[in-house]
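Grab a pencil and work through the exercises below. Try each task yourself before you read the solution.

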Amino acid sequence: MNLEDLTGVLEYVKKITKEAGRIILDVYKKDFQVDYKDDLTPVTEADRKSNDFIVSSLKNRYPECAVLAEESENDPERLKNDWCFIVDPLDGTKEFIQKNGEFTVNIALSYKGKPVLGVIGIPVTGELYYAVKGKGAFYEKDGHAEQIHVSTRTDDIRLVMSRSHKSQRLLELVEKNGIKNIRNVGSAIKGCLVAKGEAEVYYRFGVTMEWDTAAMQCIVEEAGGIFRQLDDTEMTYNRENSRNEKGFYAINHPANKLMF
């Protein structure tokens, strides 16, 4: 693996992201069973099938890299590897269950704790968002790709919040900062909308996991945005504890950092 040339890796990750989306849609179109993990979060056949496909594809193609994936058993040996793929095979399982289309496939590659490649696919629409560190962020649909940038807007800003994970602290933050333009969206699509300039602010309180944020962070930062934990420290990846316990924010401009 070479940090200077991740173009080939990006093309392969885009390819398997699209294929994982097709695997997910095959399940989406039929009746499926919902199971619950020990932490009471839902999981479906689509989560497992997508996970198995992505992980096996990455391990076969890039055996020199570690893999951290939501539906795979954790391998502590990954901590010794500078390179680690971080995979959420179906981000937004609750949206998938509700069949509202707002779920994604998230694949990132981290190097020495920092995300250097990120791909987010939206299976229902066929949209792709992707980025490689130092190369910019892009949006692709129907074979057409365009570079994307965060907006320059600092007045009457637009905030995206989770459709399924609202918190009282977030609602209080919105009220305190007088934000009127609010859009409820599922999964990592929220971060993509900030990167594309269709929203300025995304705040998330509570616990998430590395695979929820790694690809999103790379895309937001390469689009010119700011991605930090709520205490303003940088998020790192391929950690022993994969829980993001401090919350995070993604914003287009320092002026839009909200007041607690």
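**Exercise 1: A salt bridge**

Task: In this predicted model, find the closest N and O atoms of the salt bridge that Arg163 forms with Glu102, and say how far apart they are.

Solution: Start at Arg163, which forms a salt bridge with Glu102; their closest N and O atoms are 2.7 Å apart. The cut-off for a salt bridge is 4 Å between a side-chain nitrogen of Lys or Arg and a carboxyl oxygen of Asp or Glu, so this pair qualifies. Next, place the residues: domain 1 covers 6–148 and domain 2 covers 158–256. Finally, count between the two domains, and you get two salt bridges.

**Exercise 2: Where the domains meet**

Task: Work out how much area is buried between domain 1 and domain 2.

Solution: First, look at who touches whom: 43 residues of domain 1 are in contact with 31 residues of domain 2. Together the domains bury about 2900 Å², with carbon and sulfur atoms giving 61% of that. Now zoom in on domain 1: Glu102, Pro115 and Tyr129 lose the most area to domain 2, together 19% of what that side buries.

**Exercise 3: Reading a sheet**

Task: Give the strand order of the open sheet of five strands, and pick out its edge strands.

Solution: Go across the sheet and you read β11-β10-β12-β16-β14, with mixed pairing. The edges are β11 (181–185) and β14 (226–229), as each pairs on one side only. Further in, β10 and β12 pair in the parallel sense over two bridges, and Leu159 has Val201 in β12 as its bridge partner. Lastly, add a helix: α4 (residues 168–176) packs on the sheet and touches β10, β11 and β12.

Notes. Residues are numbered from 1 along each chain as its sequence is written. This is a predicted model: local features need pLDDT of at least 70, side-chain atom pairs count only at pLDDT 80 or more; totals for chains, interfaces and linings use all residues. Side-chain values use heavy atoms; hydrogens and water are left out. Two strands pair if DSSP finds at least two bridges between them. Helices (H or I, at least four residues) and strands (E, at least two) are DSSP runs, numbered from the N terminus. Contact means heavy atoms within 4.5 Å. Axes are lines fitted to C-alpha atoms, for helices over the stretch in contact, and angles run from 0 to 180 degrees between N-to-C directions. Domain bounds come from an automatic or database domain assignment. Buried area is the accessible area (1.4 Å probe) that two parts lose on being put together, summed over both.
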